[in-house]
Each structure stands twice: as C-alpha cells, then as structure tokens.
Amino acid sequence: MKRTLVCGAGGFIAGHLIERLKKEGYWVRGVDIKAHEFRDTFADEFLLLDLREPEACRQALTLGDSVIDEVYQLAADMGGMGFIHSAECEIMHNSILINVHMTHHAAEMGVPRYFYSSSACVYPDMQPGDPEMTEVQAIPANPDNEYGWEKLYSERMLQAYARRYGMTVRIARFQNCYGPYGTWTGGREKAPAAICRKVAEVAEGGTIPVWGNGTAVRSYTFVHDMVDGIRRLMDSDLEGPVNIGNPEYVTVKELVDTVAAVSGKRFQIEWVEGPVGVQSRNFSNERIYSTGWRARYPLAAGIALTYPWIEEQVRSARQA
Ligand code: NAD
C-alpha cells in the first residue's frame, strides 16, 4: 500500500483528492495549518502543521524510520482574484516558504515521487481567440500577478531539485477549479463560488454586482475532473509542467447565466469595477490528453452539483 502525504488537506482540492486516494486504497496523511472548514477529512491521519517551518516539513514527511512514498503538495496561501490582488506580499512570502522547505526536505529525505499544484496564472494575459499556448510558451514569462510568479519560481525550483536528487516530480498547471466544499465567502472565494453565493442570496427580481463587464473569457474545471487529472499525471511519465483544464471556454456573463439557469432565479446584473484579472487564457491540453484524461463535466453539469451546496451554506449561515 502506497503511503501518501497530502499537503493543504484542509483545503478544497486536496480534500477531494484525499477522498479519491482513499477510494483507490492509499494510506493518506493529510497536513494543513487548519482543519477542513466544511467536512471531516478522509485521511487516515491528519496533522496540524505550519509548512512554512522546515521542521514541520520534516515531520510531515517522516514515517517511523522511513519516508513517505508520494507527496501531493497543494498547500498555498490562496484565493480568488480579490485575494490575489490584495495579498501579494502574503502570497509571495508564505507560499514560497512552503515550497522552498517542502521541496528541499522531500528531495533530501529521498521522497521518490512529488506532485506540485501550479496554475494557469503563470501564463501572460491573452485575447479571446489567440492561438492555444503550450506549456513551454510560459517562458519568456510575464504573469499578470505575483501569485503566477511564485508558481513559476516554485516549478523551476522543484525541477532543479529533481535534477540533482533524482526525485520524480509531476507539475500540473490548473485552470480555475470549482465544486462543493470550497471557499464560498470571506474574500478568498473564486468567481464560480462567489457568483453562486450572490445568486443564492439575492431576492427574486433583485440585482447582483459582478466585477468587470462580463466579457473576460475563462475555463472552469469541475473538481472531480481536476482530481482525475492529478492522479493520471502523477502515474504518468510526463516530465515538466502539464496544463489541466476544461476546454469549454465561457465568458463571465455566460458563467452568471449558467448559475441563473441552475438556480431558476431571475435577477439583474450590475457590472462593477473590480480585480477581474486577465482578459482570456487559451491553453493546450494535449499533454494531459496523452494520459487519456478528458474533462467529463461541462460547466452546466458542474454548476448543477455546486450551486445546491452553496445555496445550503447560505441558508445555514442565515439561520445561525
Ligand atoms: P485552498 O485554499 O482551499 O487550499 C490550500 C490549503 O493550504 C488551505 O487549506 C490552507 O490552509 C493550506 N495552507 C496555507 N498555508 C499553509 C501552511 N503554512 N501550512 C500548511 N497548510 C497551509 O486552495 P485550493 O483551491 O484547494 O488550491 C490548492 C492548490 O491548487 C494551491 O496550490 C493553488 O494555488 C492551486 N490552484 C488552485 C486553483 C483553483 O482554481 N482552486 C487554480 C490554480 C491552482
């Protein structure tokens, strides 16, 4: 039985990943600076550790006299565009410390296989319809935000350690990911969760504010698809960064319309100034497709599974 460490186990994607790893029969240790906000962890063992500390990383990686077989590193100081633009120092400081220490100690302690969650934010801004970017085209680099620069540096650091120590590394660049059991309020939520919350909160015929003018183009990947991509990539022989994203590109207006259709509510949209981020991202999935991965959840199907969960959170919060 493989013994895995999942970092960021109190978070959204890692929470779903642990559920999947358990179904596959893995022994899982989860580590996070906080417990999961929305559900019990499926991990065999859960440690509260601050992975910015070198000693915490060593503790997370140690299993008796031996070392963990596989690491999934998803811990990050993380949020949607509102957070990314207001907390750039925290992101640059905290996430880089986590990755510096986790990478160094995993390599030094002889971890055989290591997964790292990077982001499509490493790519520059694009216009809708621009040719698809492949992974190598992230360099020369011009990410739109500091979160993207941190990811790029961490990717390169990991690859340097892989070369020196012979550690097998797998790096995914995630597109926007959404689904149940993710942050839906408080300032760190991402666009799909924020829109679902606003729609759940608005009275019939009311108005919801949405950042920008609705024309920005995005790809939204349902969390079960993302977890499937993570597992296929980890078991593959794909070296270097690999994009994972739903090839269904939609505008922010289409995202709002999809949530409206699922909710069955009628409301107005007020387009307001806000940190929208890039205009578009259009990137190639050919590398992850070579593993047999395909996105199975169109946006409407994923929102149909996400909106009811957020609606329930809104209802519970009102009653509390
Ligand atoms: P999340 O915020 O839900 O999970 C991250 C977890 O890391 C949190 O539970 C947090 O408490 C934990 N963490 C933060 N600082 C820590 C520390 N010092 N020590 C231990 N744990 C710490 O985020 P998520 O959406 O699940 O994202 C997971 C990974 O995927 C991150 O690396 C993120 O950058 C990447 N990613 C996510 C998306 C997305 O759309 N959600 C897109 C691209 C990349």
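## Notes on the predicted model: rings, charges and a small sheet

1. Let's start with a charge and a ring. R39 places its charged end over the ring of Y181, 4.1 Å from the ring's centre. Keep in mind as you look around that this is a predicted model. Y181 also belongs to a cluster, in which ring pairs link it with F38 and W309. A second case to look up is R294, which lies over the face of Y289 at 4.2 Å from the ring centre.

2. Now for rings meeting rings. How many aromatic pairs does a search of the whole structure find? The search gives nine. One pair is made by Y161 and Y165, and it is stacked, with 5.6 Å from centre to centre and 10° between the planes. Both tyrosines sit in helix α5, which covers residues 146-165, and they are four residues apart, or about one turn of the helix. As for Y165, its relative accessibility is 37%, so it counts as partly exposed.

3. Another aromatic pair, F222 with Y297, is tilted: the centres are 4.6 Å apart and the planes make 45°. Here the partners come from distant parts of the chain, 75 residues apart, with F222 in strand β11 and Y297 in the loop between α9 (286-289) and α10 (299-319). Are these two rings buried or exposed? F222 counts as buried because its relative accessibility is 1%, and buried means under 20%. Y297 has a relative accessible area of 24%, so it is partly exposed.

4. Strand β11, where F222 sits, takes us to a sheet. Three strands make up this open sheet, in the order β9-β11-β13, with mixed pairing. Why does one side of β9 and of β13 lack a neighbour in the sheet? These two strands, β9 (176-178) and β13 (249-251), stand at the edges and have a single partner strand each, so one side of each is left free of a neighbour there. On average, and ignoring direction, neighbouring strands in this sheet are turned by 50° against each other.

5. Have a look at one of the pairings in that sheet. β11, residues 217-222, runs antiparallel to β13, and the two are joined over three bridges. If you want a spot to find on screen, try V217, whose bridge partner in β13 is T251. Helix α8 (residues 252-263) packs on the sheet and touches both β11 and β13, with its direction at about 90° to that of β13.

6. On to the salt bridges, of which the count comes to 22. One of them joins E45 and R29, whose closest N and O atoms are 2.6 Å apart. E45 is in strand β3 (residues 45-48) and R29 is in strand β2 (residues 27-32), so this pair ties together parts that are 16 residues apart in sequence. E45 has 28% relative accessibility and therefore counts as partly exposed, while R29, at 6%, counts as buried.

7. E108 and R58 also meet through their side chains in a salt bridge, at 3.5 Å from N to O. This one reaches between distant parts of the chain, from E108 in helix α4 (residues 88-109) to R58 in helix α2 (residues 54-61), 50 residues apart. E108 is partly exposed at 44% relative accessibility, and R58 is partly exposed at 30%.

8. Some salt bridges join up into a network. Which residues are linked in it? They are R20, E24, D228, R231, R232 and D235. Within that group, R231 and D235 form a salt bridge with their closest N and O atoms 2.9 Å apart. R231 counts as buried, with 3% relative accessibility, whereas D235 is partly exposed, with a relative accessible area of 46%.

9. Last, a loop residue. I68 lies between β5 (66-67) and β6 (70-73). Its relative accessible area is 0%, so I68 is buried. What is I68 in contact with, leaving aside neighbours within four places in sequence? The contacts are R3, T4, L5, W27, A60, L61, L63, V111 and P112. For a sense of scale, pick V276: I68 and V276 are 208 residues apart in sequence and 40 Å apart in space, C-alpha to C-alpha.

Definitions and conventions. Residues numbered from 1 in each chain as written. Predicted model: local features only at pLDDT ≥ 70, side-chain atom pairs only at ≥ 80, totals over all residues. Heavy atoms only, no water. Pairing = 2+ DSSP bridges. Axes fitted to C-alpha atoms, helices over the stretch in contact; angles between N-to-C directions. Contact = heavy atoms within 4.5 Å. Buried < 20%, exposed > 50% of the residue type's maximum accessible area, 1.4 Å probe, protein only. Phe/Tyr/Trp six-rings, centres within 6.5 Å; stacked < 30°, edge-to-face > 60°. Lys NZ or Arg CZ within 6 Å of the ring centre and 35° of its normal. Salt bridge = Lys/Arg side-chain N within 4 Å of Asp/Glu carboxyl O.
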